[in-house]
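Got a minute to go through a structure with me? I'd like to talk it over in a few quick questions and replies.

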Amino acid sequence: MKIFRLSFIILSLLSTLSFSSSAQTDTISINSIIAKTSKVLSDYPAEKIYLHFDKPYYAVADTVWFKAYVTENQNFLSGISKIIYVDVINQKDSLIQTIKLPITGGFAYGSFPLDQINYKQGNYHIRAYTLWMLNSDDPAYFNKTFYVGEAIDKEVKTHITYKNTSTDKLEKIDARVQFKDASNKPYANKNVSWQVVTSYTVIAKGRGTTDANGYLTIAMSNAQKAEYQLQKGELITSINTTDKDVASSSFPLKNAILSKDFQFFPEGGSLIAGLNNKVAFKAIKSDGLGINSKGTVTDNDGKTVATFAAQHLGMGSFELLAEAGKTYKATVTYADGTTQTYNLPAVAANGVAVKIDNSNPDNIAIKILANDAFFEQNKGKKLYLVAQSKGVICYGAQTALSNIEYNTTVLKSKFPNGIAQFTLFNEFGKPLSERLVFVQHKNTMAVTLSSAATTYGIKKKVKINVAAKKDGAPVEGSFSVAVVDETKVPSSEDATSTILTGLLLSSDVKGYIEKANYYFNAPDARKNADLDVLLLTQGYRSFKYTDIIANKLPKIDFLPEQGIEISGILRQNNGIPVRKGALLLSIPDKRFNQEGTTDPVGNFKFSNLVFNDSSKVTITAKYNPNYKNMTLSLNGAPVPTLTRNFSAAEEVLNIDSTLTSYLDNSKKQYAYLHTLKDVTIKGAVVPKVSHKDYPALSGLSQMADHEVSGDRFKGCGLLINCLQGMLAGVTFADNNFYVTRDYNQGKKIPMGIFINGMNVDVNQINTIDVNQLESVEVFLRDDLGLVNRANNVNGVIVFNQKKAPKGTRISKAQLMDMLPKYYELTFSPQGYNKEKQFYSPKYDVPASMNRNDLRTTIYWNPKVVTDATGNASFEYYNADGKGQYKVIIEGIDANGNLGRSVFKYNVK
């Protein structure tokens with residue numbers, strides 16, 4: 001159902017926070033608030049993204065399949081942007097790859113292989129966005145953590161546990177590690193060396209020997225006030241598996257020492273004197289997960305005034321009758337037995353509280369309570385209540401304050417499914433209070449899956465029927481379907497990322513939500529109450545009413561992309577722009593040519609291009625008079641900075657033991673990829689170019705802190721863009737590179753850029769031919785300080801170009817052809833990733849039955865569409881795995897209604 005914007009509805013209502021009317025002079029009507037807000041919401045709609053993946057975790061050599069759902073206001077499929085970006089980021093916050101996909105009708109379809117070169121065992125972070133979303137101060141990225149196991153050439157399996165024995169003066173961590181071989185046999189009596197590395201600095205190291213069961217206890221310690229902390233480091237172990245072979249493993253220490261925090265969230269924003277306040281709380285560990293807790297609240301006289309206990313994942317609420325002039329503190333006892341004391345927020349002497357009861361399935365009950373001081377100060381003054389949801393003003397009201405208490409109800413039918421934001425204003429348009437509630441309608445889209453049988457044989461054909469309905473009527477919708485062998489791919493339904501959690505909850509609130517699907521998995525009164533407490537403790541991702549009322553429109557830096565665009569400027573060699581210059585763009589593998597002309601200041605733009613990521617593009621100005629004295633330069637593409645993983649709480653420490661059954665199957669499935677051990681063949685070594693070849697860099701360490709092979713940059717269009725995220729320990733900001741640890745501490749001295757031993761400007765990086773790039777060396781420290789002081793830099797990035805091979809004499813014409821043609825550019829810009837089809841084998845002939853089928857994703861289809869009768873069907877063949885198979889379907893219709901269903905059957 002489409003929710004239409006409304007002008008306004010009159011209703012008696014009030015506010016939550018104390019305010020001084022003397023500071024305001026100009027009043028505003030509720031009609032003006034609603035009109036201004038509605039215009040901004042309509043003119044600057046917010047896009048949201050959800051990615052449906054075929055399964056929750058993977059192994060190296062798997063392929064990740066996904067479908068992107070892109071929506072705007074009211075959850076309608078977005079027609080704003082036509083390109084989506086999907087970043088894959090590793091556990092060290094380095095960008096592995098960016099996938100660029102076209103959006104058609106609000107959908108995009110993608111996949112990427114977990115190749116053995118770029119992907120190793122570990123945790124990875126998916127971030128998806130459109131450029132339009134980057135205009136927000138707090139972009140609503142789609143975020144998801146997934147973990148990858150290694151089974152192909154696995155030499156060592158590990159399992160680690162931590163024990164924190166730290167004191168006020170000393171960091172102390174005891175790690176107990178078990179080492180096993182690929183057959184799960186313990187590595188007994190093996191020598192192990194270990195070290196702790198923080199910011200590329202070794203701060204602790206030692207040796208030990210495993211016991212008969214393959215266990216080794218490692219004791220690490222460090223001063224609490226040391227420059228480098230254990231908790232920010234990584235434990236690296238190296239075990240001698242044989243007399244000649246050594247296998248290394250690494251373990252992050254960030255969650256080895258867990259701290260706890262306890263936060264209070266009064267309903268409506270403040271503790272109001274004289275009122276019975278509902279106070280929500282959240283107990284959370286530093287790993288992002290909630291912790292069970294209970295406790296008491298006492299006033300400054302030591303009197304116990306409230307008791308509380310967490311109801312779900314460390315969250316709960318209690319009632320507190322606050323008194324003016326008093327302070328309150330809570331004594332909290334955590335599940336691990338530790339106790340801490342925290343101060344509650346200060347009590348406001350005058351104010352009003354908004355209480356909302358969301359337990360009724362049809363209505364939202366609103367109670368307004370003002371204390372005496374607020375009532376006397378604001379009697380007769382206007383107050384407004386405005387509620388919006390999914391980018392639409394759904395409710396508006398106004399009143400003159402005439403009572404201390406007011407009760408009313410609002411129909412939930414006025415709101416779409418999802419979070420509704422109630423905001424209370426004074427007559428000057430100042431927001432005074434906010435309350436979030438979740439509206440869950442009973443008449444949501446129902447998606448039903450069925451099959452002719454509940455049990456099938458291995459490699460037998462299965463037909464699944466889909467029926468989509470809403471209010472009993474058939475629904476035409478677009479769906480994605482994944483079928484997995486649940487025996488090999490077990491997962492928690494409560495912890496699953498779904499289209500409901502993504503588009504109705506996570507995209508509207510700030511921060512991480514633990515086990516978000518718990519609130520949607522068979523919801524009942526208790527889960528609804530838990531969801532209400534969650535919204536009391538979670539910040540809302542929204543616009544600022546104060547900016548809207550002050551006519552301060554959102555700043556737009558990025559327009560919605562309608563296709564691939566290449567732009568730049570054509571200048572003469574003396575820097576003067578070329579007016580009306582003729583340009584020709586060619587894409588040979590597409591047999592595509594397009595002419596262009598520069599504007600009066602030399603700018604050019606080629607829009608709505610379509611090409612794949614591997615395509616080469618040539619732009620030339622050679623059809624102009626005097627073209628040899630012209631230079632083409634390209635504009636860079638905007639790239640969002642890499643942010644920390646907000647879903648890091650979902651990272652897994654012990655992947656080997658968590659994915660035991662999955663990796664055992666993967667080892668068999670990818671046995672053909674097993675590589676033989678290296679055989680060393682001695683011969684003449686061709687020395688590679690490095691910083692040691694240049695006298696100006698002789699003061700640097702013999703070994704770089706980090707080195708990136710030039711092969712990693714093949715196909716890169718603008719080198720400076722590709723470098724961002726690939727250089728560990730380096731931050732790119734304000735068109736300069738900085739050492740991350742120093743930049744974060746406020747020391748903003750740029751790193752030195754050296755090309756072939758010469759100190760150059762950072763912009764010279766883009767002049768490097770990536771095909772001739774040998775390596776990039778990163779020096780985060782200059783121990784002697786010779787290079788830093790001589791060049792006034794902090795840290796060094798060295799670009800080493802390959803040495804030209806000795807060749808034969810060439811003619812002048814050949815030489816001229818080899819020289820750079822500044823009037824012509826040939827490069828490989830990022831194009832669309834090719835859409836691939838999921839391979840689903842058919843076992844309809846006896847000969848095909850003989851091959852092994854160890855697939856874990858049995859079927860993936862992102863393009864299941866129900867017809868006018870609301871029906872669809874799809875067919876596939878089971879694999880060799882026996883046990884329970886799970887069919888998951890998710891999707892959306894043209895009206896923004898979301899649906900999800902799970903169906904299970906057995907294979908014998």
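What follows is a chat about this predicted model, part by part.

Me: Before we get into details, what is the mean pLDDT of the chain?
Reply: This is a predicted model, so confidence comes up before anything else. As for coverage, 95% of the residues reach a pLDDT of 70 or more. The mean for the chain is 90.

Me: And which stretch has a pLDDT below 50?
Reply: The stretch in question does have 107 contacts in the model beyond near neighbours in sequence. Still, where pLDDT is low, the predicted coordinates should not be read in detail. The stretch with pLDDT below 50 is residues 1-25.

Me: Let's move to the four-stranded open sheet with the order 28-27-30-31. Which strands stand at its edges?
Reply: The pairing in this sheet is antiparallel, in the order 28-27-30-31. A strand at the edge has a single partner strand, so one side of it is left without a neighbour in the sheet. That describes strand 28 (392-400) and strand 31 (431-439).

Me: How many degrees does the twist of that sheet average from one strand to the next?
Reply: The strands in question follow the order 28-27-30-31. From one strand to the next, the twist averages 15 degrees.

Me: Inside that sheet, which residue is the bridge partner of Tyr384 in strand 30?
Reply: Strand 27 (residues 382-389) and strand 30 (residues 418-426) pair in the antiparallel sense over six bridges. Tyr384 has its bridge partner in strand 30, and that partner is Phe425.

Me: Which helix packs on the sheet while touching strand 30 and strand 31?
Reply: Helix 1 (residues 30-43) packs on the sheet too, but it touches strand 27, strand 28 and strand 30, with its direction at about 165 degrees to that of strand 28. The helix you're after has a direction that makes about 150 degrees with that of strand 31. It's helix 4 (residues 525-537).

Me: Now Ile103: is it buried or exposed?
Reply: Ile103 lies in the loop between strand 5 (95-102) and strand 6 (107-113). Leaving out residues up to four places away in sequence, it touches Val70, Ser81, Lys82, Ile83, Ile84, Ala108 and Thr130. Its relative accessible area is 5%, and buried means under 20%, so Ile103 is buried.

Me: How far apart in space are Ile103 and Ile83, C-alpha to C-alpha?
Reply: Ile83 is among the residues that Ile103 touches. In sequence the two are 20 residues apart. In space, C-alpha to C-alpha, the distance is 5.3 Å.

Me: What about the hairpin of strand 11 and strand 12: which residue in the turn has a positive phi?
Reply: Strand 11 (residues 191-198) and strand 12 (residues 201-209) pair in the antiparallel sense over eight bridges, and Val192 has Gly208 as its bridge partner in strand 12. Two residues sit between the strands of the hairpin. The one with a positive phi, about 50 degrees, is Ser199.

Me: Asn551 also has a positive phi, so what about its surroundings: is Asn551 buried or exposed?
Reply: Phi of Asn551 is about 60 degrees, although the residue is not a glycine. Asn551 is found in the loop between helix 5 (545-549) and strand 37 (564-572). With a relative accessible area of 55%, Asn551 is exposed.

Me: How many residues of strand 48 are buried?
Reply: Strand 48 pairs antiparallel with strand 43 (residues 706-709) over four bridges, where Val708 stands opposite Val776. It also pairs in the antiparallel sense with strand 49 (residues 796-801) over six bridges, where Val778 stands opposite Ile797. Strand 48 (residues 773-779) is largely enclosed by the rest of the structure, because its buried residues number six of the seven.

Me: Last one: what is the volume of the second largest cavity?
Reply: The structure holds two cavities of 30 Å³ or more. Strand 18 (276-285) and strand 25 (352-357) each supply at least two residues of the lining of the second largest one, and the lining includes Glu267, Asn277 and Val354. The second largest cavity has a volume of about 40 Å³.

Technical notes. Residues are numbered from 1 along each chain as its sequence is written. This is a predicted model: local features need pLDDT of at least 70, side-chain atom pairs count only at pLDDT 80 or more; totals for chains, interfaces and linings use all residues. Side-chain values use heavy atoms; hydrogens and water are left out. Two strands pair if DSSP finds at least two bridges between them. Axes are lines fitted to C-alpha atoms, for helices over the stretch in contact, and angles run from 0 to 180 degrees between N-to-C directions. Contact means heavy atoms within 4.5 Å. pLDDT is the predictor's confidence in each residue, from 0 to 100. Buried means under 20% relative accessible area, exposed over 50%, partly exposed in between (1.4 Å probe, protein chains only). On a 1 Å grid over the protein atoms alone, a cavity is a set of points where a 1.4 Å probe fits but cannot get out, and a pocket is an open set with protein on both sides within 12 Å along at least five of seven lines; lining residues have an atom within 4 Å of a point. Grid points are joined across faces, edges and corners, and a volume is the space filled by probe spheres set on the points.
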